[in-house]
Every structure is written in structure tokens, then in C-alpha cells.
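Work through the exercises below with the sequence and the model open. Each task is followed by a solution in steps.

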Amino acid sequence: MADIKVPVFSESVSEGTLLTWHKKPGDALRRGEVIAEIETDKVVLEVTAQQDGVLQSVLKNEGDTVLSEEVLGTVGEAGSAPAATPAPAADQAAGPVANEVSAGGTASQPDTNIPGANPAERREDLSPAVRKVVVENNLNPAQIPATGPKGNITKADAVGAIGSASAANASAAASAPAATPAPTPAPATTIPSGPRTEQRVPMTRIRQRISERLKEVQNTAAILTTFNEVNMQPAMDLRKKYQDQFVAKHGTKLGFMSLFVRAATEALKAFPVVNASVDGKDIIYHGFYDIGIAVASERGLVVPILRDTDTMSLAGIEKEIAGFAQKAKNGKLTMEDMTGGTFSITNGGTFGSMMSTPIINSPQSAILGMHNIIERPIAQNGQVVIAPMMYLALSYDHRIIDGKEAVQFLVMIKNLLEDPARMLLEL
């Protein structure tokens with residue numbers, strides 16, 4: 001018999017939320033197989049089996065708060081009987097009462113005759129996260145199909161029950177257990193139908209942390225934004241001319257982001273204060289260039305870090321960014337991927353944004369915002385021409401970066417992109 005423990009959290013993470021059990025008591029496990037997932041305020045961590053065997057018991061339910069190295073359950077040798085087993089399928093199909101079988105095996109029916117009382121407030125088998133959703137949305141636990149490993153109601157079950165008809169009027173089919181939940185259940189995003197409906201969904205830990213960090217930087221930094229525009233025609237011509245050769249040699253496409261990373265790196269070399277950070281009354285100048293690339297994921301905005309961009313090739317940058325995007329999509333980004341960074345780039349143009357004022361990613365002092373490329377008439381060599389133009393935005397901490405430096409930094413990026421050969425010649 002061996003314990004299944006929560007992975008060791010980093011120093012900046014105090015606790016997490018058990019998102020999903022991928023196994024239930026009695027299921028066979030193979031070494032390295034993912035058993036459960038835990039969400040922290042930074043990433044989603046996977047709990048893997050450390051040996052072959054059988055899941056004997058689970059001590060924490062989905063939605064429960066867990067601490068570093070806390071015991072989640074136990075695993076025993078293959079062939080051993082589980083310490084706890086989920087409710088039989090036949091009982092689950094019988095209806096809501098069967099879904100409320102307690103760990104001791106006794107079915108409990110909440111007393112619904114007390115006026116104004118929510119049955120969830122008297123249910124000791126509900127986790128705090130589940131009880132919060134149930135009470136705030138006035139749900140009856142007896143009417144929520146349970147999919148937890150012990151026949152318990154998970155947070156995903158409770159969220160999914162919001163807006164559904166009451167069990168008194170529902171059919172037996174509607175009260176049958178739901179299908180196995182997705183590996184990382186996300187809150188519902190569609191508001192229930194009906195007149196003037198509302199839906200309350202708890203923030204995920206990652207979303208809470210994003211909110212805290214962004215508000216913190218607004219309260220502490222003197223944020224100012226300067227704008228410019230860049231003619232993307234030279235960069236587009238470069239891509240068109242060398243794209244096929246680039247793909248044949250490097251196995252990846254040449255995108256705009258690698259050009260922006262290279263241009264930003266050269267500008268950071270020229271203006272070290274933009275690459276610096278504030279620590280109390282000190283300015284820390286960094287002698288390296290670690291650029292964060294904002295990536296949208298289902299759980300919110302994440303910013304994985306490209307390390308030592310001054311030593312990376314365009315192909316290396318493209319491959320690294322593609323890898324981050326795939327890891328973000330699959331929820332596989334690690335704390336190491338998102339720790340550190342001296343400067344950030346965000347591309348709102350991917351979603352059609354024409355102009356924005358990005359918020360600095362603390363403790364960095366500046367962030368570059370890319371936007372949509374729009375064909376617009378411009379004056380060029382005394383004539384009006386149509387060119388693919390992009391607005392650029394640089395938000396910076398005015399406590400240490402003066403307007404002159406910010407403007408010159410952004411102008412340098414503009415000049416490098418409008419004449420890409422300058423980056424190769426370091427001009």
C-alpha cells in the first residue's frame with residue numbers, strides 16, 4: 001500500500017484545488033499514468049501513479065482545497081480489493097437517492113420540509129466548493145446527478161445543474177448520472193435560457209491570480225502607453241520570398257512573432273531600462289533577455305517565457321512559441337515555463353484588435369502590444385499608397401522609464417520591422 005500525494009508546490013503557491021479524478025477506487029493503475037489533476041493559481045498539475053497497482057481509496061473530492069504533499073488517496077498491489085468502491089451502476093440509475101449513498105453505504109435523503117433552508121447546508125458530504133455553488137444557486141443536491149469517484153457531487157456536476165429543471169418535474173432519464181466528465185472541466189459559458197436569467201460561476205484559481213496580479217500592477221506602477229504604427233509590407237515580402245525555403249530547412253513556418261521578438265530584443269539592448277524592473281527603491285538592470293509571449297488558453301491568459309532571446313534563431317523562436325501554444329491548449333504548461341521574464345509581448349491582433357493599452361506583467365516594466373494588420377492609405381514618397389499597417393502600443397512604468405526612452409524604443413522596433421535586414425546587420 002502506498003500514498004498518492006499532491007505534488008510539491010513552488011514557494012509562491014500555498015494551495016490548490018483538486019480538479020478531476022481520472023480514476024475511481026478499484027481501477028487499475030500503471031506507473032506514470034495520470035490519476036488526477038490539481039489547479040493552482042499558476043498552472044494545472046498532473047498527479048501520476050508512482051507504481052503499478054489498483055486505486056484503493058480517494059481521500060479528497062473534486063473541488064476540495066489541497067496542500068503541498070497532502071495525501072489524496074492510496075494505491076495497492078494488483079488484485080487487492082479497494083478500500084472504498086463507488087455506488088453500483090444499477091443503484092446510480094435508480095435516481096437521485098442512489099446518488100447520495102454516503103461512505104458508510106447508507107442512503108440519505110435531505111429533509112426538504114424546513115422552510116427557507118437549502119438542503120446543501122445540511123449535507124456534510126459536499127466539498128466547500130460544491131456547497132458554495134449549490135447554495136448560491138439554490139440547487140437541491142438530491143436532484144444533481146453525481147459523477148464523483150465515490151458517487152459524490154463534483155463542482156462540475158453542480159455547475160452543470162444550474163438552470164436545469166427541478167427534479168420533481170424531470171424525467172428519470174434526466175436524473176440519471178451524467179457521462180464521465182472531461183479531464184479538466186471548465187465552468188459553463190452559456191447562460192441558461194429563460195427570462196432575465198443569471199448564472200454565478202466561481203473563478204478558477206488561475207483567473208483569481210490573474211485578477212490579483214493585474215490589479216496589483218495598476219495600483220503600484222505608473223503605467224503610461226505610447227503608440228506608433230508600422231508598415232508590415234517589408235516583413236510580409238520577406239515571409240513570402242523565403243517561406244518555402246524556411247519551412248524546408250527548419251520544419252516550421254516563419255511568422256511575424258519571431259520578427260517582433262528579434263526586433264524587441266535588439267531594442268532592449270539599446271534601451272536597458274526597458275528591460276529592467278523595480279525592487280523597492282532599487283532598479284534592477286538585467287543582463288539577459290527573457291521575453292514572455294502572451295498566449296490565450298481556456299483557463300485564461302498565460303505568459304510562457306522565451307529564455308535568452310538574444311541567442312535564439314528565428315526558427316528557434318517559432319518552434320518554442322508553437323510548443324508553448326500546444327502546451328497551453330492541452331493544459332501542460334509548467335511553473336518553470338511561466339516563471340521570470342524581463343519583457344512581454346501580446347498580440348491582440350490575433351482576435352481582430354486594432355488598438356489597445358496592454359497591462360504590464362509585474363515585476364516587468366514594459367509590454368509591447370501588437371494589433372491587427374489593416375490595409376490603409378498612407379503617404380509614401382509624396383504619394384498616397386495602400387499599405388498593410390499595424391498599430392503598436394508600448395505600456396511602460398513611468399517610475400523608471402521616461403517618455404523619451406519609451407518613444408525611442410518603439411521607434412526602433414518600427415524601423416527594424418520596416419527594414420528587416422537591419423536586424424541581421426544589427427543596425
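Contact here means heavy atoms within 4.5 Å. The model is a predicted one.

**Exercise 1. Find which residues Phe-409 is in contact with, leaving aside its neighbours within four places in sequence.**

Step 1. Locate the residue: Phe-409 lies in helix α8, which covers residues 403–418.

Step 2. Look up its accessibility. Phe-409 has a relative accessible area of 0%. Buried means under 20%, so Phe-409 is buried.

Step 3. List the contacts. With neighbours within four places left out, Phe-409 is in contact with Ala-264, Ala-267, Leu-268, Phe-271, Val-274, Phe-343 and Leu-394.

Step 4. Look along the helix. The buried residues of α8 are Ala-406, Phe-409, Leu-410, Ile-413, Lys-414, Leu-416 and Leu-417.

Step 5. Check the span of the helix. α8 has 16 residues and reaches 23 Å from first to last C-alpha, close to the 22 Å expected at 1.5 Å a residue.

**Exercise 2. Classify the ring pair of Phe-271 and Phe-409.**

Step 1. Count the pairs: the structure holds 2 aromatic pairs.

Step 2. Take the geometry. The ring centres of Phe-271 and Phe-409 are 6.4 Å apart and the planes stand at 75 degrees. Planes over 60 degrees apart count as edge-to-face, so this pair is edge-to-face.

Step 3. Place both partners. Phe-271 is in the loop between α6 (256–270) and β10 (277–279), while Phe-409 is in α8, so the pair ties together parts that are 138 residues apart in sequence.

Step 4. Check the burial of the loop partner: Phe-271 has 16% relative accessibility and counts as buried.

Step 5. Widen the view. Phe-271, Phe-343 and Phe-409 form one aromatic cluster.

**Exercise 3. Find which members of the largest nonpolar core touch the most other members.**

Step 1. Recall the general tendency: in soluble globular proteins, nonpolar side chains tend to be buried together.

Step 2. Read off the members. The largest nonpolar core has 71 residues, and Phe-260, Val-274, Phe-343, Ile-345, Phe-409 and Ile-413 touch the most other members.

Step 3. Find the main contributor: α6 gives the largest share of this core, 9 residues.

Step 4. Look for another core. One of 6 residues lies apart from the largest, with Ile-144, Ala-146, Ile-153 and Ala-158 among them.

**Exercise 4. State the strand order of the open sheet of 4 strands, and which strands stand at its edges.**

Step 1. Write the order: β1-β8-β6-β3, with antiparallel pairing.

Step 2. Take the edges. β1 (2–5) and β3 (28–29) each have a single partner strand, so one side of each is left without a neighbour in the sheet.

Step 3. Examine one pairing. Strands β6 (residues 53–58) and β8 (residues 71–76) run antiparallel and are joined by 4 bridges. In one of the pairings, Val-54 has Gly-76 in β8 as its bridge partner.

**Exercise 5. Compare Asp-308 and Asn-381: where does each lie, and is each exposed, partly exposed or buried?**

Step 1. Begin with Asp-308. This residue is in the loop between β15 (305–306) and α7 (314–329). Its phi is near 50 degrees, a positive value in a residue other than glycine.

Step 2. Assign its exposure. At 36% relative accessibility, Asp-308 counts as partly exposed.

Step 3. Turn to Asn-381, in the loop between β18 (373–380) and β19 (383–397). Phi of Asn-381 is near 55 degrees, again a positive value in a residue other than glycine.

Step 4. Assign its exposure. Asn-381 has 78% relative accessibility and counts as exposed.

**Exercise 6. Is Thr-309 buried or exposed?**

Step 1. Place the residue: Thr-309 is in the loop between β15 and α7.

Step 2. Use the accessibility. Thr-309 counts as buried, at 1% relative accessibility.

Step 3. Name its contacts. Not counting residues up to four places away in sequence, Thr-309 touches Val-261, Thr-265, Tyr-289 and Ile-291.

**Exercise 7. Find which peptide bond to Pro-363 is cis, and where Pro-363 lies.**

Step 1. Read omega: the bond from Ser-362 to Pro-363 is cis, with omega near 5 degrees.

Step 2. Place the proline. Pro-363 is in the loop between β16 (343–347) and β17 (366–370).

Technical notes:
Residues are numbered from 1 along each chain as its sequence is written. This is a predicted model: local features need pLDDT of at least 70, side-chain atom pairs count only at pLDDT 80 or more; totals for chains, interfaces and linings use all residues. Side-chain values use heavy atoms; hydrogens and water are left out. Rings of Phe, Tyr and Trp (its six-membered ring) pair if their centres lie within 6.5 Å; planes under 30 degrees apart count as stacked, over 60 as edge-to-face and the rest as tilted. Helices (H or I, at least four residues) and strands (E, at least two) are DSSP runs, numbered from the N terminus. Buried means under 20% relative accessible area, exposed over 50%, partly exposed in between (1.4 Å probe, protein chains only). The expected span of a helix is 1.5 Å times one less than its number of residues. Two strands pair if DSSP finds at least two bridges between them. A nonpolar core is a set of buried Ala, Val, Leu, Ile, Met, Phe, Trp, Tyr and Cys residues joined through side-chain atoms within 4.5 Å.
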